[in-house]
Amino acid sequence: DITVEDNSVSRFHAYLAPDKKGTWALVGNAAYGIPTGDWSGRWDPAANYGAGVEYDVDQQLTIGADFSYMKNDPTGDWQATLDTFGLTSNFTTTRYGAYVKWSALKSARNFTPYFKAGVSLYDLQDDVTIPSIGKEGSMTAIGPNGGIGFLYWPGAKLGLGLEGTYHFPI
């Protein structure tokens with residue numbers, strides 16, 4: 001069985017659209033996923049990559065959808081346990097999400113802080129290789145997430161941002 005309590009992620013965004021009402025934006029992100037709870041004892045932090053789209057409903061509200069992928073290697077202790085039995089393992093998460101972002105200062109010239117809330121579907125895969133047998137465990141979880149972040153707009157069509165999001169797969 002796969003059990004996951006939660007996962008913290010910091011994301012770096014690149015936006016390719018101006019920040020105004022009625023605008024669609026393409027979002028690319030690179031993140032660092034930090035396992036927490038039961039997950040932290042078995043899996044190391046790892047890079048997380050994804051993409052999405054956003055739509056500015058008005059000057060303060062943005063809605064969006066995104067996906068991301070992350071592959072975690074075992075921690076040193078967990079790898080030692082696996083080695084004892086001649087096993088190898090890795091853990092992957094593919095996440096699909098929808099969210100809203102709200103900012104009281106969206107009209108600020110070059111700096112836009114915001115709050116974010118959403119829900120995601122998590123496809124969790126634990127691939128354990130048993131010599132000459134192989135085994136894969138998987139589960140799908142759904143859960144809320146929330147965070148804070150900011151965007152910096154160095155030009156009219158490019159925004160760079162930093163975000164911290166906490167995920168709660170159930």
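Here are some questions and answers about the chain shown above.

This is a predicted model, where local features need pLDDT of at least 70, side-chain atom pairs count only at pLDDT 80 or more, and totals for chains, interfaces and linings use all residues. Residues are numbered from 1 along each chain as its sequence is written, and side-chain values use heavy atoms, with hydrogens and water left out.

Q: What pattern does the chain follow, read along the sequence?
A: Start with the pieces: helices (H or I, at least four residues) and strands (E, at least two) are DSSP runs, numbered from the N terminus. This chain has 1 helix and 8 strands. Put in sequence order, they give β-β-β-β-α-β-β-β-β.

Q: What percentage of the 170 residues count as buried?
A: Let's get the words straight: buried means under 20% relative accessible area, exposed over 50%, and partly exposed in between (1.4 Å probe, protein chains only). Among the 170 residues of the chain, the buried share is 42%.

Q: What share of the contacts with a separation of 6 or more is between residues 24 or more positions apart?
A: A contact here means heavy atoms within 4.5 Å. Take the contacts in the chain with a separation of 6 or more; the part that joins residues 24 or more positions apart is 61%.

Q: Why does Thr94 count as buried, and which residues is it in contact with, leaving aside neighbours within four places in sequence?
A: Thr94 is found in strand E5, which covers residues 88–102. Its relative accessibility is 17%, so it counts as buried. Leaving aside neighbours within four places in sequence, Thr94 touches Ser68, Tyr69, Leu121, Tyr122 and Asp123.

Q: How many salt bridges does a search of the whole structure find?
A: Side chains of opposite charge can pair when their charged atoms come close. The rule used here asks for a side-chain nitrogen of Lys or Arg within 4 Å of a carboxyl oxygen of Asp or Glu. Searching the whole structure turns up 3.

Q: Which residue forms a salt bridge with Glu54?
A: The closest N and O atoms of this pair are 3.1 Å apart. Glu54 lies in strand E3 (residues 46–56) and its partner in strand E5, so the bridge ties together parts that are 47 residues apart in sequence. Both residues are buried, and the partner of Glu54 is Lys101.

Q: Which residue forms a salt bridge with Arg95?
A: Here too, the closest N and O atoms are 3.1 Å apart. Arg95 is in strand E5 and its partner in strand E4 (residues 61–72), so parts 29 residues apart in sequence get tied together. Arg95 is buried at 7% relative accessible area, and its partner counts as buried at 8%. That partner is Asp66.

Q: Which residue forms a salt bridge with Lys116, and over which ring does the charged end of Lys116 sit?
A: In the salt bridge, Lys116 pairs with Glu163, with the closest N and O atoms 3.0 Å apart. The pair links strand E6 to strand E8 (residues 159–167), 47 residues apart. For the ring, a charge sits over it if NZ of Lys or CZ of Arg is within 6 Å of the ring centre and within 35 degrees of the ring normal. Lys116 has its charged end 4.1 Å from the centre of its ring, so to name both partners: Glu163 and Tyr99.

Q: Why is the pair of Trp102 and Phe115 called stacked?
A: Rings of Phe, Tyr and Trp (its six-membered ring) pair if their centres lie within 6.5 Å; planes under 30 degrees apart count as stacked, over 60 as edge-to-face and the rest as tilted. A search of the whole structure finds 5 aromatic pairs. In this one the centres are 6.4 Å apart, and the pair is stacked because the planes are at 20 degrees.

Q: At what angle are the ring planes of Tyr166 and Phe168?
A: Tyr166 is partly exposed at 27% relative accessibility, and Phe168 is partly exposed at 37%. Their ring centres are 4.8 Å apart, and the pair is edge-to-face because the planes are at 65 degrees.
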